[in-house]
Amino acid sequence: MKSTGFGERLVQLTRYPNVFPVNAYLVREDDGFTLVDTGLTGGEEAYIAAARGGEIRRIALTHAHGDHTGSLDALHDALPEAEVLVPAREASFLRGDLELTPEEQQVGGLKGWWKAAKTEPTRVLSPGDRVGSLEVVAAPGHTPGQVAYFDARDRTLIAGDAFQTRAGIAVSGVIRPLFPFPALATWSLSSALESARRLRALSPSRLAVGHGPVLEDPLEAMDHAIEAAERKTESRQRAA
Ligand SMILES: [Zn+2]
């Protein structure tokens, strides 16, 4: 597991950094750490070791795709006292219920690889809630209930798969040919575009995503990614 620190509080933990990078993040708090996302299965020991010198107090998910929920059950077994925080809409996916509700965009249905967990959330999250110092921000599109986490202390944004930075920055749903997987796993591009604008409006100083490197001063790059997603949405609408 590759571990990279950013500033005082953020550690990026990357499995398979060269082939198929899957990120989770440790966020330092006064009482220990929050772990955002749990990567693929088998990562638990490395995540716990990376938090050496502090306990993982909270485990928070951005969404319930299998490359974000993989080590949740094993982490919960190893750290039974840690809170388990899951976006409300994603909690049913995490239980294995993969039905869309009638109000949700049906086009194409749910996409990507889902991995249910037996671990129950200790608390489900809605936008505006807090997880330690992190503010929960709605970021649907990649999945119907995805959230991002914004650290107002230093304006770090942990965006899940709302953006990718591997093979170039993109809004979720816009294909990067050298790393197309997040786009192929995306439920709704139009909703992802709305979320990308909402996240950009937070003016983050640092962008941390599920797949790809952390970007410092990411606003210009986010703007370019949003423009590319707008062009793609417009060309789809013309074709329809
Ligand atoms: Zn995903």
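1. Aromatic pairs first: counting ring centres within 6.5 Å, I get 4 aromatic pairs. Keep in mind that this is a predicted model.

2. Take Phe93 and Trp114. Their ring centres sit 4.8 Å apart with 55° between the planes, so this pair is tilted. That label follows because the angle is neither under 30 degrees, which would be stacked, nor over 60, which would be edge-to-face.

3. Where in the chain do Phe93 and Trp114 come from? Phe93 belongs to helix H4 (residues 88-95), while Trp114 is in the loop between H4 and strand E7 (123-125). The two are 21 residues apart, and the pair links distant parts of the chain.

4. Are these two rings buried or exposed? Phe93 has a relative accessible area of 1%, so it is buried. Trp114 comes out at 14% and is buried too, because the cut-off for buried is under 20%.

5. Next, Phe179 and Phe181. This pair is edge-to-face, with 5.1 Å from centre to centre and the planes at 80°. Phe179 is buried, at 1% relative accessible area, whereas Phe181 is partly exposed, at 41%. Phe181 gets that label because 41% falls between the cut-offs of 20% and 50%.

6. Phe179 and Phe181 also belong to an aromatic cluster, together with Phe20.

7. One more thing to look at around Phe179: which residue lies over the face of its ring? That is Arg166, at 5.9 Å from the ring centre. So Phe179 has an edge-to-face partner in Phe181, a place in the cluster with Phe20, and Arg166 over its face, and this Phe is buried.

Notes. Residues are numbered from 1 along each chain as its sequence is written. This is a predicted model: local features need pLDDT of at least 70, side-chain atom pairs count only at pLDDT 80 or more; totals for chains, interfaces and linings use all residues. Side-chain values use heavy atoms; hydrogens and water are left out. Rings of Phe, Tyr and Trp (its six-membered ring) pair if their centres lie within 6.5 Å; planes under 30 degrees apart count as stacked, over 60 as edge-to-face and the rest as tilted. Helices (H or I, at least four residues) and strands (E, at least two) are DSSP runs, numbered from the N terminus. Buried means under 20% relative accessible area, exposed over 50%, partly exposed in between (1.4 Å probe, protein chains only). A charge sits over a ring if NZ of Lys or CZ of Arg is within 6 Å of the ring centre and within 35 degrees of the ring normal.
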